[in-house]
Amino acid sequence: MVDLNGQYEAIKDQVNSSFSTILQTSAFINGPEVHSFQKELENYLDVKHVIPCANGTDALQIAMMGLDLKPGDEIITADFTFAATVEVIALLQLTPVLVDVHPDTFNIDPKAIERAITAKTKAIVPVHLFGQCANMDAILALAEKYNLYVIEDNAQAIGANYTHATGKKQKAGVIGHVAATSFFPSKNLGAYGDGGAIFTNDDSLAHTLRGIVNHGMYERYHHDVVGVNSRLDSLQAAVLRAKLPLLNEYNAKRRDTARKYNLAFKNIAHIETPITVNGCEGICDTCDCHVFHQYTLKITNGKRDALVKHLGEHGIPCGVYYPIPLHKQKAYVDDRYNDADFPVTNELVQQVISLPMHTELDDEQISFITDTVITFIQ
Ligand SMILES: *Cc1c(COP(=O)(O)O)cnc(C)c1O
């Protein structure tokens, strides 16, 4: 599914030499590598503040802790996402409100968001699923109309561009009030262990967040708010510094692979290939509107599970992201939900399959994968 060794080979000298310096200076926590990575990522994203932390789930939680939210406030997010998004809402005793997604992009549906807004709604958490931004123009308009925060879950879309209706382009993660990302090894910008970061252009929120990640301390041993301990360690920062200059290249390689997959599956009955939007129909060469964290097909003849088994038997890894809608997960069931309000998610969980997607796939592997899929489905 993922092959990280090829990337390591290319950055080996730099990573090994940074590791050796860190080991010799013992600057394991908050060392100069962390600070430099923070600045370099701020530059790359064109955002005022990057706050590194321990992982993407913490990043989401800390972003929410920094906003003016209280128990019982309702936070709207997608039914079709990784559980981390909704987990942190529940942990903070906020009320998650799950809504359906759009069938083309798998991203949260602005119409469903508007239907779910109540007097208690305080924030929307769009997840840029599989590497493509949610419909941010519509989400920002709703946030403005109802006075809501927008917290982007950008764990899967680092480096993606979003083109607003006005033509203005922004990087995913700097569009809302605050965003969270993950540097889990298999993400598009992956460390060699856990890592995460929060992004914001709001100076005062950034100050609050920097204290929260460090036990609520703004001055040594003065604890002004309840915080957490969530740090990016120096070794991970060194890996991320080596990879950040290559991120656009990595994402271009993923798009290239996606284009080859699309071409092979074109006009094959019962297979629907990913749909790119935001002025990027057809995966163009020049823009980064989809960074393909996952390459996800819809299998529309009811044979998805059989295909998973078939690929397994032929030594081809694949994944089903995600097999169960969050509104049906034991931890998140709630009387407020009516199963009929989630027609898209309920169908997607039965149709989606993600194929191997990383920067090291060659044409021979791609053909083997596509041939195996096509022979089975036809
Ligand atoms: C990976 C992921 C997270 C969590 O990141 P971790 O670093 O694993 O904690 C959150 N949201 C989404 C959508 C993710 O894909």
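Q: What makes a stretch of the chain count as a helix or a strand, and where does that place Phe 106?
A: Helices are DSSP runs of H or I with at least four residues and strands are runs of E with at least two, numbered from the N terminus. In this predicted model, Phe 106 is found in the loop between β3 (95–99) and α5 (110–116).

Q: What makes phi of Phe 106 worth a remark?
A: The phi angle of Phe 106 is near 65°, which is a positive value in a residue other than glycine.

Q: Why is the ligand said to make a polar contact with Gly 56?
A: A polar contact calls for a pair of N or O atoms within 3.5 Å. A polar backbone atom of Gly 56 lies 2.7 Å from an oxygen atom of the ligand, so the pair meets that cut-off.

Q: How do you know that side chains of Ser 182 and Lys 187 also make polar contacts with the ligand?
A: For Ser 182, a polar side-chain atom is 2.7 Å from an oxygen atom of the ligand, and for Lys 187 the corresponding distance, again from a polar side-chain atom to a ligand oxygen, is 2.9 Å. Both values fall within 3.5 Å, and therefore both pairs count as polar contacts. As for cover, the ligand taken alone exposes 380 Å², of which the protein buries 91%.

Q: What makes a residue part of the shell around the ligand, and which residues come nearest?
A: A residue counts if one of its heavy atoms lies within 4 Å of the ligand. There are 13 residues around the ligand, and Gly 56, Thr 57, Gln 156, Ser 182 and Lys 187 come nearest. The helices α3 (56–65) and α4 (84–91) each supply at least two residues of this shell, whose residues divide into four nonpolar, seven polar and two charged.

Q: Where does the ligand sit, and what makes that placement hold?
A: The ligand sits in the largest pocket, which means that more than half of its atoms lie within 2 Å of the grid points of that pocket. This pocket has a volume of about 500 Å³. Its lining consists of 27 residues, and those closest to its centre are Phe 82, Gln 156, Phe 184, Lys 187 and His 293. The elements giving two or more residues to the lining are α3, α4 and β8 (178–182), and α3 gives the most, with three. By type, the lining comprises 13 nonpolar, ten polar and four charged residues.

Q: Why is a space called a cavity rather than a pocket, and how many cavities does the structure hold?
A: A cavity is a set of points where a 1.4 Å probe fits but cannot get out, whereas a pocket is an open set. Three cavities of 30 Å³ or more are found in the whole structure, and the largest cavity has a volume of about 80 Å³. Its lining includes Asp 104, Phe 106, Leu 129, Pro 274 and His 290, and divides into six nonpolar residues, five polar and one charged.

Q: Which kind of peptide bond runs from Tyr 321 to Tyr 322?
A: With omega near 10°, this bond is cis. Tyr 322 lies in the loop between α10 (304–313) and α11 (343–351).

Technical notes:
Residues numbered from 1 in each chain as written. Predicted model: local features only at pLDDT ≥ 70, side-chain atom pairs only at ≥ 80, totals over all residues. Heavy atoms only, no water. Polar contact = N/O pair within 3.5 Å; in protein donor to acceptor, adjacent residues only side chain to side chain. Areas by Shrake-Rupley, 256 points an atom, 1.4 Å probe, with all protein chains shown as cover. 1 Å grid on protein atoms, 1.4 Å probe; cavity = no way out; pocket = protein on both sides within 12 Å on 5 of 7 lines; lining within 4 Å. Nonpolar A, V, L, I, M, F, W, Y, C, P; charged D, E, K, R; others polar. Points joined across faces, edges and corners; volume = space filled by probe spheres on them.
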